[in-house]
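Me: I'd like to go through the labels people put on a model like this. Could you show how each one is earned?

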Amino acid sequence: MTKKIPVVEKILGANETLAEKNRAVLDEHGVYAINLMASPGAGKTSLIEQTLPKLAERYRIAVIDGDIATSIDADRAAEAGADIAVQVNTGGNCHLDAVMLQKGMEEIDFTKINLLLVENVGNLVCPANFVLGTHKSVLVASVPEGDDKPYKYPGMYRGVDALIINKIDLLPYIPFKMDYFRKGVEVLNAELVTFPISCATGEGVDEWVNWIIAEVEANKK
Ligand code: MG
Ligand code: ZN
């Protein structure tokens, strides 16, 4: 009898093994890592720009930016004060996987870093399937995307540890029902920590930053 393992399972299994190696490298150096995921335009890079200056006194921070092309986002992270910003171009691939993160991590001297922020490729589908080895996964949703996204992309909402609802300054102008959105999230992930924020006005950013600090400090113990 021939046993067939679907190719997708093999790929994900190999990815998980490599993700564990990435985690081991991070833990060896006491570096805490967050994987930021979102659809294109939700505001991952803007969030990083808002976050870095508020953590600059406390931590040395590396940013790895995954993008299909260009180094625009890594350049913005460097400009915003990242101690090191690495661009990983996925060559058309619509998500980061553990191999690509490993390649990015090779560019970083982790003896000089406390925190690693990973900006995944903008996509609400496959990044959820590829663990990277980071400690936490965070989803950046945004008001203009619509309040139906938890219902349409359950895999993404189910797998994350924290949720940012960005662009809340646009709530008066967009038919986004927060109750409907939150109800959809709660069914999938009742424990999800949620931060409504605006990268444009700065509202809510401190709460998010305080969460990161609490996470980094808890990881030291
Ligand atoms: Mg970006
Ligand atoms: Zn993909």
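What follows is a short back-and-forth on terms and the values behind them.

Reply: Ground rules before we start: this is a predicted model, where local features need pLDDT of at least 70 and side-chain atom pairs count only at pLDDT 80 or more, while totals for chains, interfaces and linings use all residues. Residues are numbered from 1 along each chain as its sequence is written, chains are lettered from A and ligands numbered from 1 in the order in which they are written, and side-chain values use heavy atoms, with hydrogens and water left out.

Me: Why is cysteine 126 called buried?

Reply: Buried means under 20% relative accessible area, exposed over 50%, and partly exposed in between (1.4 Å probe, protein chains only). Cysteine 126 comes in at 15%, so it counts as buried.

Me: And why is cysteine 94 called partly exposed?

Reply: Its relative accessible area is 33%, so cysteine 94 falls in the partly exposed class.

Me: How many disulfides are there?

Reply: Zero. A disulfide would be a pair of cysteine sulfur atoms within 2.5 Å.

Me: What makes methionine 100 buried?

Reply: Its relative accessible area is 13%, so methionine 100 is buried. It sits in helix α4 (residues 98-105); helices (H or I, at least four residues) and strands (E, at least two) are DSSP runs, numbered from the N terminus. Leaving aside neighbours within four places in sequence, methionine 100 is in contact (heavy atoms within 4.5 Å) with Val88, Thr90, Asn93 and His95.

Me: How do you know that the length of α8 agrees with its residue count?

Reply: The expected span is 1.5 Å times one less than the number of residues. For the 16 residues of α8 that should be 22 Å, and the end C-alpha atoms are 23 Å apart, so the two agree.

Me: Which residues touch the most other members of the largest nonpolar core?

Reply: Leu52, Leu115 and Trp208, out of 31 residues. A nonpolar core here is a set of buried Ala, Val, Leu, Ile, Met, Phe, Trp, Tyr and Cys residues joined through side-chain atoms within 4.5 Å. Helix α8 gives the most to this core, with seven residues.

Me: What makes Thr45, Asp73 and Glu119 donors of the magnesium ion (ligand 1)?

Reply: Donors are N, O and S atoms within 2.8 Å of the metal (3.2 Å for Na, K and Ca); water is not among the atoms, so sites may look incomplete. Thr45 (OG1), Asp73 (OD) and Glu119 (OE) lie 2.1 Å from the ion. Threonine 45 in helix α2 and aspartate 73 in helix α3 (residues 72-79) are 28 residues apart, and both are buried.
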